[in-house]
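Visitor: I would like a quick tour of this structure. Please keep the reasoning short and end each reply on the result.

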Amino acid sequence: MANAQRSTAGDGTRNNFENWVLSHGKGFWRLLQSNEGIHKWLNKIIVNSAVAKMKPRPHQFSLFGDYVSWDSLTNRQFSSRHIAGAPPGYTEKLPPLEDVIKLFKRGPEMRMSKKSTVMFAQFAQWFTDGFLRTDRQDWRKNTSNHDIDVSPLYGLNAKYTDMLRSHVGGKFKSQLLGKDGIPTTDPNQGEEYALFYFDESGKVRDEFKDLPIVLPDDVPKERYPWLFAMGGDRSNVQIGYVMLNTLFLREHNRIATEMARANPTWDDERLFQTARNVITVLLIKIVVEEYINHISPYMFKFLADPAPFAQVAHWYRTNWMSVEFALLYRWHGLVPSTIDFGSKSWDTWDTLFNNELLINGQLGPWFEASSSQTAGEIGLHNTPDFLIEAEMASLRLSRAANLQSYNEYRKVSSYPPVTSFDQISGDPKIQQELKDLYGHVDNVEFYVGLFAEDPIEHSLVGPMVGRMVGVDAFSQALTNPLLSYQVFNESTFSPVGWKIIQDTKTLGDVVNRNCKSTGQPFKVTMTLPGQEVG
């Protein structure tokens, strides 16, 4: 992309002022945050301000129908939508998909992110796959539970969870594997992983025969023996997904062991459920205090502090994922063309369903490798070839849902509509391509406009994506049932679990207490060196 920046003249005086104040003055913000009370007070004000940029749930509309009905207000099988569908004729006048998809295709060289590591890309996919799950049979529906419930690890329902549990000591079924993948009983010689999905004869193990799994026909048969039985149907797809599931499986079992030691009268069920409570809140804490702070361009650091909101916030409502949220998270540009580990590099396509790479390399070193590699940049002309069909599916979903234009969504996000293409992107090539396809800025469709935007300074996404992520992330992460006023306390998590929650600050904390290092702690980060903000 060109170095020219998009014009912010159309973003509105208040938006520009707020963004400037929050993204400048590092020393000033550090001073304010050095006082815990002031930090929490500011957190309340800034989070409330961020969520108030759009109307709170419950939304008037869902993909159940084109007008308000009891089902559209209550049936969460259908994805919600922030605003009504486009007026008649809008979608039909959009340019052909075959022309639009050319905007996304990556060129000969991947455009590199200025801020994110591959670890961020892997975490984003794993985390969001727990609740952004479009039904393959009916695009109007979301098959998730609409909450951060760590379903990639635990499964979407109790039936799947039960298949994965050992029913002893509150733990998951697991195995110890040496670097060569050979099972062992010696914890000094092996690392902990989920059980394999297939048995030695190549058949699905009886205990997992009803566990859903995505396994395309073109996956090489020699990779089958290494696939794990895990809660998410897509858990084996890419190596980052397997890494994070393995990490939190280990953490769950570690926590259950600590709880059993401290509470000898507790049965398996209480140990399992309490450990799961802790894991869920650990994830929310990492999401807010590491992941969201990585996305944010602000010098201010957000806290996972639910207390100020649980009783009085106007947006504190039941979670319900929207179709817009599902689409704006299609960050395919993050995915690198190659995956690096040590002195080797694999085409990313060759790492899919390839768990042998993880087992042989071991979990800690893989986290460090992902934290050392630069991700791709989110935006147009940076989607790898093997994800172009996924990009096409996103465009089809956007049009099937009859979403209104990019400019209409700017209005409901407290941004003025853009009046020229240079207010979307500073790149003359992008400006011309959008003009050739859509003619006028008012015609640019939502999905294309989101990814045509230049990233904000200090951020990895454009203003609209950043705003909508902020609205949905805070209003849905902080409304988790475990964070409610009467639930978020030591008795819910046990003294052991409560201390683990308080002591955990980053994903690296979880990695380094579950992975053996022969020297220094593993370096785990979502942010490239020198790009930390605040």
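Guide: Two strands pair if DSSP finds at least two bridges between them. With that in hand, note that this is a predicted model. An open sheet of 3 strands shows antiparallel pairing, and its order is β5-β4-β6.

Visitor: Which strands of that open sheet are the edge strands?

Guide: An edge strand pairs on one side only. The order of the sheet is β5-β4-β6. The edge strands are therefore β5 (183-184) and β6 (191-193).

Visitor: Over how many bridges do β4 and β6 pair, and which residue is the bridge partner of L177?

Guide: Strand β4 covers residues 175-177 and runs antiparallel to β6. The two pair over 3 bridges. L177 has its bridge partner in β6, and that partner is E191.

Visitor: Which residue stands opposite I339?

Guide: Strand β7 (residues 338-341) pairs with strand β8 (residues 344-347). The sense is antiparallel, over 4 bridges. Opposite I339, in β8, stands W346.

Visitor: Which residue in the hairpin of β7 and β8 takes a positive phi?

Guide: The hairpin has 2 residues between the strands. A phi near 60 degrees is found there. The residue that takes it is G342.

Visitor: Which residue has a positive phi although it is not a glycine?

Guide: Look in the loop between α6 and α7 (151-154). Phi is about 55 degrees for the residue in question. That residue is V150.

Visitor: Which residues does a cis peptide bond join?

Guide: Omega is about 0 degrees at this bond. One partner, P58, has its place in the loop between α3 (36-51) and β1 (61-62). The cis peptide bond joins R57 and P58.

Visitor: How are α6 and α10 set, and why does that count as oblique?

Guide: Helix α10 spans residues 268-295, and its axis lies 12 Å from that of α6. The angle between them is about 135 degrees. Roughly perpendicular ends at 115, and roughly antiparallel needs over 145. So α6 is, relative to α10, oblique.

Visitor: What is the hand of the crossing of α6 and α10?

Guide: The two helices pack at about 135 degrees. Their crossing is left-handed.

Visitor: How much space lies in the largest pocket, and which elements give two or more residues to its lining?

Guide: The space is about 1,600 Å³. The lining has 48 residues, and Q125, R136, H332, L387 and A390 lie nearest the centre. The elements that give two or more residues are α6 (118-128), α9 (239-262) and α14 (388-400).

Visitor: How do the residues of that pocket lining divide into nonpolar, polar and charged?

Guide: Take the lining of the largest pocket by class. Nonpolar residues number 28 and polar residues 9. The charged count is 11.

Visitor: How many cavities of 30 Å³ or more are there, and which helix gives the largest share of the lining of the largest cavity?

Guide: The whole structure holds 8 such cavities. The largest has about 80 Å³ of space. Its lining includes F127, F131, Y329, D472 and A477, and divides into 9 nonpolar, 1 polar and 1 charged. The largest share, 4 residues, comes from residues 463-477, helix α18.

Visitor: How many charged residues line the second largest cavity?

Guide: About 60 Å³ of space lies in this cavity. Among its lining residues are L153, F172, K173, F208 and L249. By class the lining has 9 nonpolar residues and no polar ones. The charged count is 1.

Terms used
Residues are numbered from 1 along each chain as its sequence is written. This is a predicted model: local features need pLDDT of at least 70, side-chain atom pairs count only at pLDDT 80 or more; totals for chains, interfaces and linings use all residues. Side-chain values use heavy atoms; hydrogens and water are left out. On a 1 Å grid over the protein atoms alone, a cavity is a set of points where a 1.4 Å probe fits but cannot get out, and a pocket is an open set with protein on both sides within 12 Å along at least five of seven lines; lining residues have an atom within 4 Å of a point. Grid points are joined across faces, edges and corners, and a volume is the space filled by probe spheres set on the points. Ala, Val, Leu, Ile, Met, Phe, Trp, Tyr, Cys and Pro count as nonpolar, Asp, Glu, Lys and Arg as charged, and the others, Gly among them, as polar. Axes are lines fitted to C-alpha atoms, for helices over the stretch in contact, and angles run from 0 to 180 degrees between N-to-C directions. Angles under 35 degrees count as roughly parallel, over 145 as roughly antiparallel, 65 to 115 as roughly perpendicular and the rest as oblique. A crossing is left-handed if the near helix is turned anticlockwise from the far one by less than a right angle, and right-handed if clockwise.
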